[in-house]
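Trainee: Hi! Could you go through this structure with me, a few residues at a time?
Mentor: Happy to, let's have a look together.

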Amino acid sequence: MNRAAIVLAAGSSRRFGGDKLSAPFEGEPLLFHAVHAARAAPVSRILIVARPDLDCGTWDGAPAVEVLRVESDALSDSLKAGIAALGEPCDVFVFLGDMPRLPHGEAARLADALGSGAAAMPCRQGRPGHPVLLSARLLPELAGLTGDEGAGRLLRGRDDVVFVECDDPAIHLDIDRPEDLSALSESTPPSPART
């Protein structure tokens, strides 16, 4: 089946106190690391859902990277706008723009594990993480999401969500405040699997 990836990047970064996704990290804007992870996924296209003023870069080669500008910073609005813009129903990976160290092989593992499930998620120490793979059949249910809720509310308690064990803590590592980025910059460099 055809698959796509959405990178959510329309938030206002209130806790960061500024333009978080443009903040430099390892030589490029924070957002670009999430796009690299999305490009490593088994997808035919990538859609960055971004606020109007965010520099999303220029991405040559395949898979194609498109940008959808949205005015709302509500997570549910960004997700629904991205799904609608993809058009044809397909399985969709959801990446968050503030997660710079996602393991690049994880998306392929989720795709292999999805089967007839509604979604597939990496899981470490009993806690689900990102990216999330949503099946095409689940997408119509996203219409009921509101405010700052993502697909998590729809997935909690379902028996058709596939959890894939992952030992990499980066599936939980997002950047909320400047000190998070500073601490990450001072930690060990990323493994070759993430480059």
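Mentor: This is a predicted model. Let's begin with Cys-56, which is buried at a relative accessible area of 2%.

Trainee: How far is the sulfur of Cys-56 from the closest cysteine sulfur?
Mentor: The distance is 20 Å, and the partner in that pair is Cys-90. That is too far for a bond, because a disulfide needs the two sulfur atoms within 2.5 Å.

Trainee: And what about Cys-90, buried or exposed?
Mentor: Cys-90 is buried, with a relative accessible area of 3%. Cys-90 takes part in no disulfide either, as the nearest cysteine sulfur is that of Cys-56, 20 Å away.

Trainee: How many disulfides does the structure hold, then?
Mentor: Zero.

Trainee: OK, switching to His-172. Where does it lie?
Mentor: His-172 sits in the loop that runs between β10 (161-165) and α5 (178-186).

Trainee: Why does His-172 count as buried?
Mentor: Its relative accessibility is 17%, and buried means under 20%.

Trainee: What is the side chain of His-172 close to? Any polar atom pair?
Mentor: A polar atom of the His-172 side chain lies 2.8 Å from the backbone oxygen of Arg-127. If you leave aside neighbours within four places in sequence, His-172 is in contact with Arg-127 and also with Met-99, Arg-124, Pro-128 and Gly-129.

Trainee: New topic: cis peptide bonds. Which residues does one join?
Mentor: Ala-62 and Pro-63 are joined by one, with omega about 0 degrees. You'll find Pro-63 in the loop between β4 (45-50) and β5 (64-69). The peptide bond from His-130 to Pro-131 is cis as well, and omega there is near 0 degrees.

Trainee: Where is Pro-131 found?
Mentor: In the loop between β8 (127-128) and β9 (132-134).

Trainee: Last thing, backbone angles. What is phi of Glu-26?
Mentor: Phi of Glu-26 is near 50 degrees, which is a positive value in a residue other than glycine. Glu-26 belongs to the loop between β2 (24-25) and β3 (28-29), and it is partly exposed at a relative accessible area of 42%.

Trainee: And Gln-125, what is phi there?
Mentor: Phi of Gln-125 is also positive, near 50 degrees, and this residue is not a glycine. Gln-125 lies in the loop between β7 (119-124) and β8.

Trainee: Is that one buried or exposed?
Mentor: Gln-125 is exposed, because its relative accessible area is 68% and exposed means over 50%.

How values were computed
Residues numbered from 1 in each chain as written. Predicted model: local features only at pLDDT ≥ 70, side-chain atom pairs only at ≥ 80, totals over all residues. Heavy atoms only, no water. Helix = DSSP H or I, 4+ residues; strand = E, 2+ residues; numbered from the N terminus. Buried < 20%, exposed > 50% of the residue type's maximum accessible area, 1.4 Å probe, protein only. Polar contact = N/O pair within 3.5 Å; in protein donor to acceptor, adjacent residues only side chain to side chain. Contact = heavy atoms within 4.5 Å.
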